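Trainee: I have a new chain on screen. Can you walk me through it?
Mentor: Sure. Let's load it and start.

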Amino acid sequence: MRRARALPLVPDRPVRRLTQLLLGLWLYGASDALVVLSGLGVEPWDALSQGLSRTIGLGIGMWTNIIGALVLLLWLPLRIRPGLGTVLNVLLVGTAMDVVLAWATAPESPGARWAVLIAGVVLNGVATGAYIGAGLGPGPRDGLMTGWAARGHSIRGVRWVIELSVLVIGFLLGATIGIGTVVYALAIGPLAQVFIPALGVRRRETAGSGAGSREDGGPGPLPSSSRPDQHGDAV
């Protein structure tokens, strides 16, 4: 079995990549917070975080970070090595969520709640494109899904099993499941399919570069963890 190859700490165009990564991860957490604030339902992984927050305590963002760190432990048997973006994902996404949730006030009118939900979902798609497009490593949950799928399972099937499992657990723990959950599930794939290639950091042309260079700065095609699957879902 081939050993997993570690990503370079910061490849070509480091300033652009790091800036885009940090902004993308912070925006991802902030947009997740908007979806939560809408009160119309949260996405599956946030349902687990919200359920744990309501049952045990601590903020939903803190649980997001804790779950991300625990998911990284599941990478070990899959022989996946995290990149810089993976580590920063664990540290920043949940932190941004808690900051926004502590500062912002939940809307009361139905129109305002829908506006906040739609803004959160769209910005989440932008953030997904930004942090994946930086090419510094997938998030813990993305890596788990693609690593499991690489063992001979369909990416769609793996995604459904994992996300349905965390959604059910979150619901049993008291998370808010509703129309917003459905909207997110239907919209995030197409949005990511638009923004991942649009925000992919292109490698600078060098004397030895050829047509095989990929947009995230590495050789060859994009890894499965950095592209939408055949059904349009970002993973």
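**The core and the surface**

Mentor: Start inside: the largest nonpolar core has 20 residues, and L21, L25, Y28, V121 and Y131 touch the most other members. Such a core is a set of buried Ala, Val, Leu, Ile, Met, Phe, Trp, Tyr and Cys residues joined through side-chain atoms within 4.5 Å.

Trainee: Which helices supply at least two residues of this core?
Mentor: Those are α1 (14-38), α4 (84-103), α5 and α8. A second, separate core has 14 residues, including W45, L52, W75 and V166.

Trainee: Hang on, where does this model come from?
Mentor: The model is predicted: local features need pLDDT of at least 70, side-chain atom pairs count only at pLDDT 80 or more, and totals for chains, interfaces and linings use all residues. Numbering runs from 1 along each chain as its sequence is written, and side-chain values use heavy atoms, leaving out hydrogens and water.

Trainee: How many helices and strands are there?
Mentor: Eight helices and zero strands. Both are DSSP runs, numbered from the N terminus: helices are H or I with at least four residues, strands are E with at least two.

Trainee: Back to Y28. What does Y28 touch?
Mentor: Skipping residues up to four places away in sequence, Y28 touches V93, N124, A127, T128, Y131 and Y184. Contact means heavy atoms within 4.5 Å.

Trainee: And S49, buried or exposed?
Mentor: S49 is buried, because its relative accessible area is 1%. Buried means under 20%, exposed over 50%, partly exposed in between, with a 1.4 Å probe and protein chains only. S49 is in helix α2 (residues 44-56). With residues up to four places away in sequence left out, S49 touches I60, W63, T64 and I67.

Trainee: What share of the chain is buried?
Mentor: Of its 235 residues, 47% are buried.

Trainee: New topic. Which residues form the nonpolar patch on the surface?
Mentor: W114, I118, V122, I179, V182 and L186, with about 540 Å² of accessible area together. Helices α5 (110-133) and α8 (179-198) each give two or more of them. Patch residues have over 30% relative accessible area and no salt bridge (a side-chain nitrogen of Lys or Arg within 4 Å of a carboxyl oxygen of Asp or Glu). Like charges are joined within 9 Å, nonpolar side chains (Val, Leu, Ile, Met, Phe, Trp, Tyr) within 5 Å. Areas come from the Shrake-Rupley method with a 1.4 Å probe; for residues, only the protein chains shown count as cover.

Trainee: Why is I118 called partly exposed?
Mentor: Because its relative accessible area is 45%. I118 lies in helix α5.
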